[in-house]
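Subject: Structure handover

Hello,

Here is the structure I promised to pass on. My notes on it follow below.

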Amino acid sequence: MENKKPLKLGVAYHGNRMPFHAQQDFRDIANHNMNLVVHMLSHTDWDRHLRVMKDLVAMSEAEGLETWMDNWGIGGPPGDKSHFLAYYPDSHQYYSNGDMDPVRACLNSPDFRKFTKEWIDAVVFTGCKTIFWDEPHLPQKNVDGKVYYSCTCPRCKKLFEEKYGRPMPETMDDDAAAFRVDSIIDYFSEVTAYAASKGITNTICVMLGAHHGISLENIERLCSIPTLQNIGSDPYWLGHAGVNPYKFVYDGTKANLAVSEKCGKDHNIWIQTYNTPRGREEEIIAATEAAYDAGARTIIAWGYYGSQSNDYGAQNCPLVWKKTCDAMERVYNMERDILLRQNRELYLNK
């Protein structure tokens, strides 16, 4: 009996827009048993590097790498700060204490949805066939011990009052929490449908915690969107004191797979290689094997060469990249051994 899901191993790639160097990097990735690369298309890339991004996609594919495109910061974090809000200042998110979020766009803004569709058109231009929607969430913030939530901009307040017949509360309650989820679902229903109409496959990654609006704890409504084919998560262990990396990633992967399988979706699991402290590089191997042992067959590292091009890069990027490649090779070989054993059972034991 053959494995139903092919193994995909990959890495996020950003910080370099020089094709001469990128080609060497893509060959490096492919030579270390990876067959997937996730590119970023930030607003700056869209404005200044779009032709180059088209070249990078083609070069990736020439090395045998499947390409995904990340909506990196087009509406705010995660990722770069969006330039969109400079043109549409009435599309900022607001917190329930009245503070404006300076870098995040409201998902209910018609202008932001139009902007997102134009960004999708830019992805189509690059030749990439899969969009990776990176960690959708609505933030909260703590001020003097009190938690305030977004988005409570005038537009959202009006929509909330029309739906619930009362003003939005300052402190989040069940109705406000449901409204936040509704906003995320409505946005992704619209933009993924548009992407699908352009021949794009839609994949998404959500955070593990429930306080971001959408998480593995309440993701089933997101899974119900027919034009969203792949649901993933990033069980990053380094920010959790005292956890066992193998157990943390194994449990997180199992939770992800339970949701994605229930909803008939594919999956993606991320391994943290950025911000790796010196002396903890070996944990990358344990985490990658944990994801594989839990059943993940699309495993991706963030990011290439320990994210050396960013301030959040690992402390020892060359060693982190070596451990990343070692981890991918181990998983690749485990999968190959399984396939070989299945072939022997199928053809030699008749």
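Cysteines first. Please keep in mind that this is a predicted model. The sulfur of Cys263 lies 3.6 Å from that of Cys223, the closest cysteine sulfur. That is too far for a bond, because a disulfide needs the two sulfur atoms within 2.5 Å. Cys263 is partly exposed, at 25% relative accessibility. A search of the whole structure turns up zero disulfides. Cys205 is therefore unpaired too, with its nearest cysteine sulfur, in Cys223, 13 Å away. Cys205 is buried, with a relative accessible area of 1%.

Next, the nonpolar cores. The largest one has 76 residues. Ile29, Trp119, Trp133, Phe188 and Leu222 touch the most other members. Which helix gives the most to this core? Helix 11, residues 317–347, does, with eight residues. A second, separate core holds 13 residues, including Leu36, Met40, Trp68 and Trp72. As background, nonpolar side chains in soluble globular proteins tend to be buried together.

Trp119 deserves its own entry. Leaving aside residues up to four places away in sequence, Trp119 touches Leu41, Trp46, Met69, Asp70, Asn71, Ile74, Ile131 and Trp133. Trp133 is also among the residues that touch the most other members of the largest core.

There is a nonpolar patch on the surface as well. Leu346, Tyr347 and Leu348 form it. Together they have about 330 Å² of accessible area. Leu346 is found in helix 11, the helix that gives the most to the largest core. Leu346 itself is partly exposed, with a relative accessible area of 34%.

Now the salt bridges. The structure holds 23. I picked out three pairs.

Glu190 and Arg113: the closest N and O atoms are 2.8 Å apart. Glu190 sits in helix 7 (residues 174–197) and Arg113 in helix 5 (residues 110–126), so the pair ties together parts that are 77 residues apart in sequence. Are the two partners buried or exposed? Glu190 is partly exposed, at 29% relative accessible area. Arg113 is buried, at 7%. The pair also belongs to a network of salt bridges, in which Arg113, Lys117, Asp186 and Glu190 are linked.

Glu289 and Arg330: their side chains meet at 2.3 Å, N to O. This pair links distant parts of the chain, 41 residues apart. Glu289 is in helix 10 (residues 283–293) and Arg330 in helix 11. Glu289 counts as buried, at 15% relative accessibility. Arg330 is partly exposed, at 43%.

Arg166 and Asp173: here the N to O distance is 2.6 Å. Arg166 is partly exposed, at 27% relative accessibility. Asp173 is partly exposed, with a relative accessible area of 26%.

Last, a loop. Pro235 lies between strand 10 (230–233) and helix 9 (245–262). Pro235 is buried, with a relative accessible area of 0%. Pro235 and Ala287 are 52 residues apart in sequence. In space they are 9.1 Å apart, C-alpha to C-alpha. Pro235 is thus a loop residue with a buried status.

To look at it yourself, start with Cys223 and Cys263. Then go to the network around Arg113 and Glu190.

Best wishes

Methods:
Residues numbered from 1 in each chain as written. Predicted model: local features only at pLDDT ≥ 70, side-chain atom pairs only at ≥ 80, totals over all residues. Heavy atoms only, no water. Buried < 20%, exposed > 50% of the residue type's maximum accessible area, 1.4 Å probe, protein only. Core = buried A, V, L, I, M, F, W, Y, C linked by side-chain atoms within 4.5 Å. Helix = DSSP H or I, 4+ residues; strand = E, 2+ residues; numbered from the N terminus. Contact = heavy atoms within 4.5 Å. Patch = residues over 30% accessible without salt bridge, like charges linked within 9 Å, V, L, I, M, F, W, Y side chains within 5 Å. Areas by Shrake-Rupley, 256 points an atom, 1.4 Å probe, with all protein chains shown as cover. Salt bridge = Lys/Arg side-chain N within 4 Å of Asp/Glu carboxyl O.
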